[in-house]
There are 2 protein chains.
Amino acid sequence: MSKLYGAIEAGGTKFVCAVADEDLNILERVSIPTTVPEETMTDVFKFFEKHDVVSIGIASFGPIDVNRKSETYGYITNTPKPGWKDYDFLGEMKKRFDVDYAWTTDVNGAAYGELKRGAAKGKDSCVYLTVGTGVGGGVVINGKVIEGYGHPEIGHIVMRRHPEDHYEGHCPFHHDCLEGLAAGPAIEARQGGVKAYEIPKDDKAWEIVAYYLAQACVDLTLTLSPEKIIFGGGVSKQEQLFPMIRKSFAEQLNDYVQTPDLDDYIVHVDLGDDAGITGCLLLAKEAETK
Amino acid sequence: MSKLYGAIEAGGTKFVCAVADEDLNILERVSIPTTVPEETMTDVFKFFEKHDVVSIGIASFGPIDVNRKSETYGYITNTPKPGWKDYDFLGEMKKRFDVDYAWTTDVNGAAYGELKRGAAKGKDSCVYLTVGTGVGGGVVINGKVIEGYGHPEIGHIVMRRHPEDHYEGHCPFHHDCLEGLAAGPAIEARQGGVKAYEIPKDDKAWEIVAYYLAQACVDLTLTLSPEKIIFGGGVSKQEQLFPMIRKSFAEQLNDYVQTPDLDDYIVHVDLGDDAGITGCLLLAKEAETK
Ligand SMILES: Nc1ncnc2c1ncn2[C@@H]1O[C@H](COP(=O)(O)OP(=O)(O)O)[C@@H](O)[C@H]1O
Ligand SMILES: Nc1ncnc2c1ncn2[C@@H]1O[C@H](COP(=O)(O)OP(=O)(O)O)[C@@H](O)[C@H]1O
Ligand SMILES: [Zn+2]
Ligand SMILES: [Zn+2]
């Protein structure tokens, strides 16, 4: 019988748990609402009690501690989500299941899934940016997710203002960082509360959003030189944004460095909602030591 | 007898070539002025004809092609320096010396040297920023220098303006990118041509420079999460900048993510002028396959 691999994509609204065979065909998958750890994790434990996996890949909402030299490695750290602050996620799993683990952020998991099986298949590097309620970024470089002292928080990089944008920004830490200016709630607040999906496709609002997302792509290109930049999340459903981001990117970068053809470089997620769980399973398989 | 390793730190004003033993003790080192390839490289070839090295690490001024999938891998590409545009640096070396090679940017070489033997010793990641005639950045993540589609060009990331800075910037591509606002020539032009080392240490000019360098540190922290950010280059000789950069960094980041203690995080180069050649030798040793 095939060995089994486990995956947990731990999101702010739901946890997806899955078990797959050696070819990473998913054999069972459940979705568990994210409430408090006592409830949510009880269901996670139950799921993995049924399946004899050799390793588990976990990609969690954050901020999380990914620093192997830290005493709180494996914890969800400073989240406002009730009950999850300082929760020893990896430790609680290890107490119950003596298997190998991979541990990274939700967006790094998705980036890895897209690299191996999605929009960046065949590449060694990519950035995955999700633009929804917030802005999050995952990064794979030289085939490995980025982890250093902590993990990327690309959503909060400093932005130069679009000259016609006077919205103050909604980030509680920085006001007008990338997330504060370009996440869904910022787009809606800038329009006086109109739902993002109700804003006309030719509204100036999208030009402003495209400018900020393009600026992020410029900085990421100059810093990481990835082979692909992949957008996911609710806001990226506005397909008209993609040509606008590419155009603004070209203007802002002004040909300073070479990039792949922009139609192949700045792209939509390919695996959709499966990017994260796919990444977790791949990371689980690679974490196997036994 | 010990095996020998070679190194070339190819800078815009001089090439440093070195040979070291297995413990990376340097046995001979020469400095060759950077003129045109016919001259400079003739001396480089002569140097390596004298030494029977098993591998050579090259860290070159750029832009260079580091993309292994590219037909011009190993070339210096789009430089304004006469004679060096589209020069097949690695190819010309390989034609003459059938050894193993490492090939990366000058700043990646220095970053690697600082990681293994300098300010970031014992770490797995660091950023090295040189602030001189230009601004350049090298990055090591998970113990490896960053290479993707191309290489980092951190000097040109987009900057939010300091509210009191009205200098237009001097980058021919972007005007007021990081290099356009914070490199030596920008500092001097902002002061109406006063030499940077003659500007009083308590002049407002340094606060403005510190603000931009801190902003770069914020974006690099949020994107790469390195364990150290290391400054080199002429401008970083202004030691009063360091506390100012740390203070502005803390204000701009506003505690959004954890970092190491700032006195240990934002630091001066440790190896000084030896960072690059040390990095090259280490990369040479690791490139050895025979
Ligand atoms: N079709 C759409 N077009 C534009 N914006 C959308 C669309 N769907 C969702 N959004 C925006 O994205 C946000 C939700 O992001 P989403 O990625 O769906 O979930 P989350 O970030 O919470 O995981 C909403 O607040 C809304 O502003
Ligand atoms: N002691 C100093 N203080 C401030 N700025 C300096 C100092 N020395 C050099 N610089 C600035 O750095 C620039 C030279 O940079 P440097 O790193 O020495 O060389 P390069 O970048 O050409 O390799 C000069 O243009 C000058 O503006
Ligand atoms: Zn923010
Ligand atoms: Zn520039």
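**Two ligand shells and two zinc sites**

Let me begin at ligand 2, where one of its oxygen atoms lies 2.8 Å from a polar backbone atom of Gly234(B); a polar contact here is a pair of N or O atoms within 3.5 Å, and within protein one atom must be able to donate a hydrogen and the other to accept it, residues adjacent in sequence counting only if both atoms are side-chain atoms. The model is predicted, so local features need pLDDT of at least 70 and side-chain atom pairs count only at pLDDT 80 or more, while totals for chains, interfaces and linings use all residues. Residues are numbered from 1 along each chain as its sequence is written, chains are lettered from A and ligands numbered from 1 in the order in which they are written, and side-chain values use heavy atoms, with hydrogens and water left out.

Two side chains also approach ligand 2. Thr133(B) places a polar side-chain atom 2.7 Å from an oxygen atom of ligand 2, and Glu188(B) does so at 2.9 Å. Of the 560 Å² of accessible area that ligand 2 has on its own, the protein covers 63% (Shrake-Rupley method, 1.4 Å probe; for residues, only the protein chains shown count as cover). The surrounding residues, those with a heavy atom within 4 Å, include Gly132(B), Gly184(B), Tyr197(B), Val235(B) and Lys237(B). By class, this shell has 3 nonpolar, 6 polar and 2 charged residues, where Ala, Val, Leu, Ile, Met, Phe, Trp, Tyr, Cys and Pro count as nonpolar, Asp, Glu, Lys and Arg as charged, and the others, Gly among them, as polar.

I turn to ligand 1. Its surroundings in chain A include Gly132(A), Gly184(A), Ala196(A), Tyr197(A) and Lys237(A). Which atom of ligand 1 lies 2.7 Å from a polar side-chain atom of Gln238(A)? It is a nitrogen atom. Oxygen atoms of ligand 1 lie 2.7 Å from a polar side-chain atom of Thr133(A) and 2.9 Å from one of Glu188(A). The protein covers 64% of the 560 Å² of accessible area that ligand 1 has on its own. The shell of ligand 1 is made up of 3 nonpolar, 6 polar and 2 charged residues.

Next, the zinc ions. In chain B, the zinc ion (ligand 4) has as protein donors His156(B) (ND1), Cys171(B) (SG), His174(B) (ND1) and Cys177(B) (SG), at 2.1 to 2.4 Å. Donors are N, O and S atoms within 2.8 Å of the metal (3.2 Å for Na, K and Ca); water is not among the atoms, so sites may look incomplete. The site of ligand 4 is tetrahedral, with angles of 102 to 121° among its 4 donor atoms; four donors count as tetrahedral if all angles lie between 85 and 135 degrees. The ideal angle for four tetrahedral donors is 109.5 degrees. The donor residues of ligand 4 are spaced H-x14-C-x2-H-x2-C in sequence. His156(B) and Cys171(B) both lie in the loop between strand S8 (144-145) and helix H4 (178-182) of chain B, so the pair ties together parts that are 15 residues apart in sequence. Helices (H or I, at least four residues) and strands (E, at least two) are DSSP runs, numbered from the N terminus. Both His156(B) and Cys171(B) are buried, that is, under 20% relative accessible area, against over 50% for exposed and in between for partly exposed (1.4 Å probe, protein chains only).

Asp176(B) is also in the loop between S8 and H4 of chain B. Asp176(B) is buried, at 12% relative accessible area, and its side chain makes a polar contact of 3.1 Å with the side chain of Arg161(B).

Finally, in chain A, the zinc ion (ligand 3) is coordinated at 2.1 to 2.3 Å by His156(A) (ND1), Cys171(A) (SG), His174(A) (ND1) and Cys177(A) (SG).

How values were computed: Tetrahedral: all angles 85-135°; square planar, octahedral: opposite > 155°, others 65-115°.
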